[in-house]
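Work through the exercises below with the sequence and the structure at hand, and try each task before reading its solution.

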Amino acid sequence: MQIDWAHFTPLSGLAGGVLIGAAASACALVLGRAAGVSGVIAGLVPPHRAEAGWRLAFILGLLAAFPLAGLLGLSAAPRFLDGKASLALAGLCVGFGARLGGGCTSGHGVCGLSRLSLRSLVATCVFMIAAFAVVFAQRHLSN
Amino acid sequence: MTTLRNLLSLLIGLVFGLGLCLSQMTQPAKVQGFLDIAGAWDPSLAFVMGGAIAVGLVGFNFAKRRRRTLLGDPCQLPAQGRVDARLISGAAIFGVGWGLAGVCPGPAVVNVASLDAGAMLFFVAMLIGMAAERLVLNALAGRNGAVVEED
């Protein structure tokens, strides 16, 4: 294993993580909800529509973060390394899997682990291993 | 009260999104650099997780003891559920998608605001995947006469 020191950003990573943890905590304390983004979106889709107000507001906040971060010099347009077919397949898997597994990186990885949920610990380990395996196959087994 | 709740929700989403931008979770290359442990590994995202969980442990420790939110509404944090095949297969499929594109649902939403074509494509595919899960589970439940459990 070698560390990619040129791209290593521990301080902004930690600071960003603190903001994410603070937002997730505030969501639990103020709204009484787990800030799992896939779950927030899923609640907007029929037939399980429930409490659209706070969900839409949360999504709007996420969307507004991009231009605001841009003003602060923190964000740039995302650059995707993969082609369209791969992106579409990835999106399908992320949406399908997040719902089937009852959460994503934010719901299980941040909120669930913060709540010391065994379910979320298992889910987080499984999706990390799957993601490590896919990137390994993509970068080191092809060609 | 509802207006205040929605306003606070907007603010929470904004802070969440700023955290994702600052930590570069919104950059697929950054995420995939973290997932590539066999290559030139960028461990930055471990610091993101660490920072988020360190703060989250404190916040959720308070939240778990409360029956009502700070606004006085009933708490609706999910109950501790079982570890079952559905959880594990869902997490595995999710992980495959996350590894393939380097994007998870939070950053997928934030990136829509960049109006980047790839970001839009991923977001729409993700919504279709979510709807497909619902259809598949409903179809299976219909065949087995079982009721679909909801998280």
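**Exercise 1.** Find what share of the contacts in chain A with a separation of 6 or more comes from residues 24 or more positions apart, and then describe the chain as a whole.

*Solution.* Begin with the contacts: in this predicted model, residues 24 or more positions apart account for 41% of the contacts in chain A with a separation of 6 or more. Next, count the elements, which come to 6 helices and 1 strand, and read them along the sequence, where the pattern is β-α-α-α-α-α-α. Then turn to the extent of the chain, whose C-alpha trace spans about 50 × 35 × 35 Å along its principal axes. Finally, consider burial, for which 55% of the 143 residues of chain A count as buried.

**Exercise 2.** Describe chain B by the steps used above, taking its elements, extent, burial and contacts in turn.

*Solution.* The elements of chain B come to 6 helices and 1 strand, and from the N terminus on they run α-α-β-α-α-α-α. Along the principal axes, the C-alpha atoms of chain B fill a box of roughly 45 × 45 × 30 Å. Of its 151 residues, 50% are buried, and among contacts between residues at least 6 apart in sequence, 39% join residues at least 24 apart.

**Exercise 3.** Work out how many residues each chain brings to the contact between them, and which element of chain B gives the largest share of its side.

*Solution.* The contact takes 107 residues from chain B and 104 residues from chain A. On the side of chain B that touches chain A, several elements each supply at least two residues, including helix H1 (2-22), strand E1 (40-41) and helix H6 (117-144). The largest share there, 19 residues, comes from H3(B). Sorted by class, this side of chain B has 66 nonpolar, 32 polar and 9 charged residues. The strands also link the chains, since 2 bridges join strand E1 (residues 2-3) of chain A to E1(B), and the two run parallel; within E1(B), Trp41(B) is the bridge partner of Ile3(A).

**Exercise 4.** Identify which residues touch the most other members of the largest nonpolar core, and trace the contacts of the one in chain B.

*Solution.* The core holds 88 residues, of which Ala23(A) and Phe122(B) touch the most other members. Helix H1 (residues 10-31) of chain A gives the largest share of this core, 11 residues. For Phe122(B), set aside the neighbours within four places in sequence, and the contacts that remain are Leu87(A), Ala90(A), Gly91(A), Ala101(B), Val103(B) and Ala108(B).

Definitions and conventions: Residues are numbered from 1 along each chain as its sequence is written. Chains are lettered from A and ligands numbered from 1 in the order in which they are written. This is a predicted model: local features need pLDDT of at least 70, side-chain atom pairs count only at pLDDT 80 or more; totals for chains, interfaces and linings use all residues. Two residues are in contact if their C-beta atoms, placed from the backbone, lie within 7 Å. Helices (H or I, at least four residues) and strands (E, at least two) are DSSP runs, numbered from the N terminus. Ala, Val, Leu, Ile, Met, Phe, Trp, Tyr, Cys and Pro count as nonpolar, Asp, Glu, Lys and Arg as charged, and the others, Gly among them, as polar. Two strands pair if DSSP finds at least two bridges between them. A residue is buried if 20 or more other C-beta atoms lie within 10 Å of its own, exposed if 12 or fewer, and partly exposed in between; C-beta atoms are placed from the backbone. A nonpolar core is a set of buried Ala, Val, Leu, Ile, Met, Phe, Trp, Tyr and Cys residues joined through C-beta atoms within 7 Å.
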